[in-house]
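The following account is meant for a reader who meets this structure for the first time. Please keep the sequence and the model in view while reading.

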Amino acid sequence: MHFLSRHLARIPQPCVLCAAPAQSDGLCTACRADLPRLPVLHCPLCALPTSTSDICGRCLKRTPHFDAVHAAFVYAFPIDRLIQQLKFNSTLAVSKLMGRELVLAARHDLRPDLVIPLPLSKERLRERGFNQSAEIAREVARDFDLDLDHDACVRARHTIPQVGLTLDRRRANMRNAFQCRRSLVGAKVAVVDDVMTTGATLDEVARTLKESGAARVTGWVVARTPESRR
C-alpha cells in the first residue's frame, strides 16, 4: 500500500488549465508563465493598475479605511480561471500557488500580528462547502509563520452578491456586514481574499477591525480587478 502511494505520488497530475503535466501547485510551466502579474505602476493604497505609482483619484477623493493593498496579479486570464476553479470546483491545489505568490507580493509590507481570511456568511459557506480565502490564508500564514485567526472577524449578516452592483450600492450592501469578536488594540492585521474589485468589501472589513482597535489593516489579495473588468 505504501509502495503504491509513493508510486502514485510520482505520476504527474494534469494542469488545471490545459491538462499538460503539472507541478504540485496544479499548473504546468507554460500556464504559470502566462499569469498576469500586477504591474509595478499601481495605486499604493488600493493596488489599482495606473499609469503612475501615485495614489489614484478614487482614493484621493475618499480615503479608504484600509492602509494598503498588496496583490499578486491582475484579475485577467488565466488567473481568473484559476480563482473560479478554486471557488466553484473546489480545486484546492491551486491555493498553494496563490498563497505562495501572495507571500511574494506582500513581502515588503509591515509584518502583521494577525492574518484574517475574509469571512463568508453561513449561507455562502454552507452552499460552497469551504471558504476559498481561508484556504489561501492558511498557505500565507504557514509560509510567513504568522498567526491565523478564522474567528476574529465574522459575517454579521448575509449579503447579496456584489457582481453587477455600482460602487455606492456595493458599499451600502456591505454596511455593517461584519463583526469583530476580539480586541485588536494596537494590532497590525492582514486580511486575505481572492479578488478585490472595487474595494467596498475590504473597506468595510477594515472599518470594523479598526473599530475594535486595529492600528493598521492591509489587504492581501490574489488578484486586483482592473477598471475594464467591472
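The paragraphs below move from the chain as a whole to one strand and then to one residue.

The structure is a predicted model, in which local features need pLDDT of at least 70, side-chain atom pairs count only at pLDDT 80 or more, and totals for chains, interfaces and linings use all residues. Residues are numbered from 1 along each chain as its sequence is written, and side-chain values use heavy atoms, with hydrogens and water left out.

The chain contains 9 helices and 8 strands; these are DSSP runs, numbered from the N terminus, with at least four residues for a helix (H or I) and at least two for a strand (E). The radius of gyration of the chain is 18 Å, close to the 17 Å given by the globule rule for 230 residues, so the chain is as compact as a globular protein of that length. This radius is taken over C-alpha atoms, and the rule is 2.2 Å times the number of residues to the power 0.38. Along the principal axes, the C-alpha atoms fill a box of roughly 55 × 40 × 35 Å.

Of the 230 residues in the chain, 52% are buried, where buried means under 20% relative accessible area, with a 1.4 Å probe and protein chains only. Contacts, defined by heavy atoms within 4.5 Å, often link remote parts of the sequence: among those between residues at least 6 apart, 71% join residues at least 24 apart.

Strand β8 (residues 216-224) is mostly covered, as 8 of its 9 residues are buried. Strand β3 (residues 68-74) pairs with β8 in the parallel sense over 6 bridges, and strand β7 (residues 188-196) also runs parallel to β8, joined to β8 by 8 bridges. Two strands count as paired if DSSP finds at least two bridges between them. Ala223 in β8 stands opposite Phe73 and also opposite Val195.

Where does Ala106 lie? Ala106 is in the loop between α5 (94-105) and β4 (114-117). Ala106 is buried, with a relative accessible area of 2%. Leaving aside neighbours within four places in sequence, Ala106 is in contact with His70, Phe144 and Trp220. Gly219 is 113 residues from Ala106 along the chain, yet their C-alpha atoms are separated by 9.4 Å. His70 falls within the residue range of β3, and both Gly219 and Trp220 fall within that of β8.

Definitions and conventions. Buried means under 20% relative accessible area, exposed over 50%, partly exposed in between (1.4 Å probe, protein chains only).
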